[in-house]
Amino acid sequence: MYLDHRVTAKITRILEQIDMSALLMDSTGAVVLPEGDNRQLTLPDQLRRDPTTPMVYGGVTLIGTDDRQPLYICLHGDSAEVRNCAILCAELINMLVHVDLGQATREQAVRLMLRGEVEGAELESLAAEHNMPMEKNRCVMYFYSGQVSTEDASTILEGVLDPENDVLTEVGRHSLALTKALSDEVDFESLLQMAEAVENSFLMETGQPVYIGVSEPRDDLALIAEAFDEARSAINIGRVYNSSGTIFFYNRLLLERFLYDLPADSSARYSSQIFNRQTAKLFNDEMLHTIETFFENSLNLSETARKLYIHRNTLVYRLEKVQRAIGLDLRSFDDAVTFKMMMLLGKNTQPRKNRI
């Protein structure tokens with residue numbers, strides 16, 4: 001369950017009134033409050049089975065806010081007074097985090113839809129109340145910038161919104177989701193231009209990069225939660241295989257999505273056929289940059305040499321050096337594909353960047 005910054009501020013004030021150490025955790029046991037506490041705690045199975053009944057565990061009192069999608073409160077102490085305080089806190093927080101569907105704003109309604117927290121008749125009722133047609137072509141664009149507040153990011157994104165058909169929603173401490181209306185003929189080039197414009201605006205106004213994930217289109221609002229998952233996954237997957245990229249389209253990551261699902265041990269076994277101790281000196285940063293630039297320029301020797309500011313013969317020499325070492329001629333399409341696959345598999349075995 002996501003807590004926007006307004007709700008987080010209210011819960012913080014509640015916890016600050018308690019004369020004892022207090023933590024708020026999500027369903028995985030990750031500490032949500034106090035902010036900056038990055039611990040991941042293990043929640044007892046008994047608490048997960050019956051979250052709304054206070055439980056004493058190792059000198060602390062634990063309780064969940066509700067039965068369906070609980071947040072968990074941890075108070076230091078195990079007395080009856082602590083127990084009663086935990087129950088009261090859970091009730092107060094539960095009232096804060098659960099939106100009254102009859103009074104939900106458009107942003108709150110869309111957040112519930114994106115998170116898959118409403119469906120069926122509830123979803124159709126919210127859509128009708130906020131004048132959102134169920135059948136309309138849409139995609140989700142996910143924006144993440146770890147150093148920029150959602151308030152500042154919202155201001156930057158206002159310029160690309162169609163207020164009548166688009167909805168911008170806060171979905172994380174540094175994340176926003178744009179439910180973007182599309183024409184029947186989806187123009188991905190226009191979406192790319194829009195994403196690039198947003199990227200440039202972030203750099204100009206904040207000096208910070210923004211990661212952008214774009215889902216495949218959906219023509220049914222009931223499927224918008226799937227699009228939301230795709231947009232977020234596009235960033236998480238894209239960052240593994242393209243460390244310099246910031247804009248990722250889910251439908252253009254087919255190979256990367258396939259590799260992402262492969263077991264790490266299988267990936268390492270195949271990648272090590274090329275990348276190992278014997279070839280470590282050959283495949284230094286300069287050589288890998290040369291090869292990646294060669295691939296980016298469709299195996300064009302002259303264009304690659306121009307981009308690298310080296311002589312064409314120097315590039316040929318480097319590629320022939322690779323061929324002598326591993327037997328693959330990267331000027332050949334088939335050999336280039338084999339090398340590219342092994343290189344990506346190697347990235348699949350590295351520790352993955354923090355997921356958003």
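I began with the sheet, where five strands lie in the order E2-E1-E5-E4-E3, forming an open arrangement with antiparallel pairing. I note at the outset that I am reading a predicted model.

Looking next at the margins of this sheet, I found strand E2 (31-33) and strand E3 (55-57) at the edges; each has a single partner strand, so one side of each is left without a neighbour in the sheet. From one strand to the next, I recorded an average twist of 35°.

I then followed one pairing inside the sheet, that of strand E1 (residues 22-25) with strand E5 (residues 72-76), and counted four bridges in the antiparallel sense. For a residue-level check I took leucine 24, whose bridge partner in E5 is isoleucine 73.

What lies across these strands? I looked at helix H3 (residues 80-97), which lies across E1, strand E4 (60-64) and E5. Relative to E5, helix H3 runs at about 150°.

My next entry concerns the cysteines, for which I applied the cut-off of sulfur atoms within 2.5 Å. By this rule I arrived at a count of zero disulfides. Cysteine 85 is in no disulfide, and its nearest cysteine sulfur, belonging to cysteine 89, is 4.3 Å away. Cysteine 89 is likewise in no disulfide, the nearest cysteine sulfur being that of cysteine 85 at 4.3 Å.

Are these two cysteines buried or exposed? I found cysteine 85 buried, with a relative accessible area of 19%. Since buried requires a value under 20%, I keep that number beside the label. Cysteine 89 is also buried, and its relative accessible area is 4%.

I moved on to strand E7 (residues 167-172), where six of the six residues are buried, so the strand is largely enclosed by the rest of the structure. Strand E7 runs antiparallel to strand E8 (residues 175-181), and I counted five bridges joining them. Between E7 and E8 the chain makes a hairpin through two residues. Which residue of E8 is the bridge partner of leucine 168? I found leucine 178 in that position.

Last, I consulted the UniProt record, an unreviewed entry, which places the feature "domain: PucR C-terminal helix-turn-helix" at residues 288-343. Turning back to the model for residues 288-343, I noted that the chain there is 77% helix and 0% strand. The end C-alpha atoms of that stretch are 9 Å apart.

Definitions and conventions:
Residues numbered from 1 in each chain as written. Predicted model: local features only at pLDDT ≥ 70, side-chain atom pairs only at ≥ 80, totals over all residues. Heavy atoms only, no water. UniProt positions renumbered as here; feature names shortened; annotations may be inferred. Buried < 20%, exposed > 50% of the residue type's maximum accessible area, 1.4 Å probe, protein only. Pairing = 2+ DSSP bridges. Axes fitted to C-alpha atoms, helices over the stretch in contact; angles between N-to-C directions. Contact = heavy atoms within 4.5 Å.
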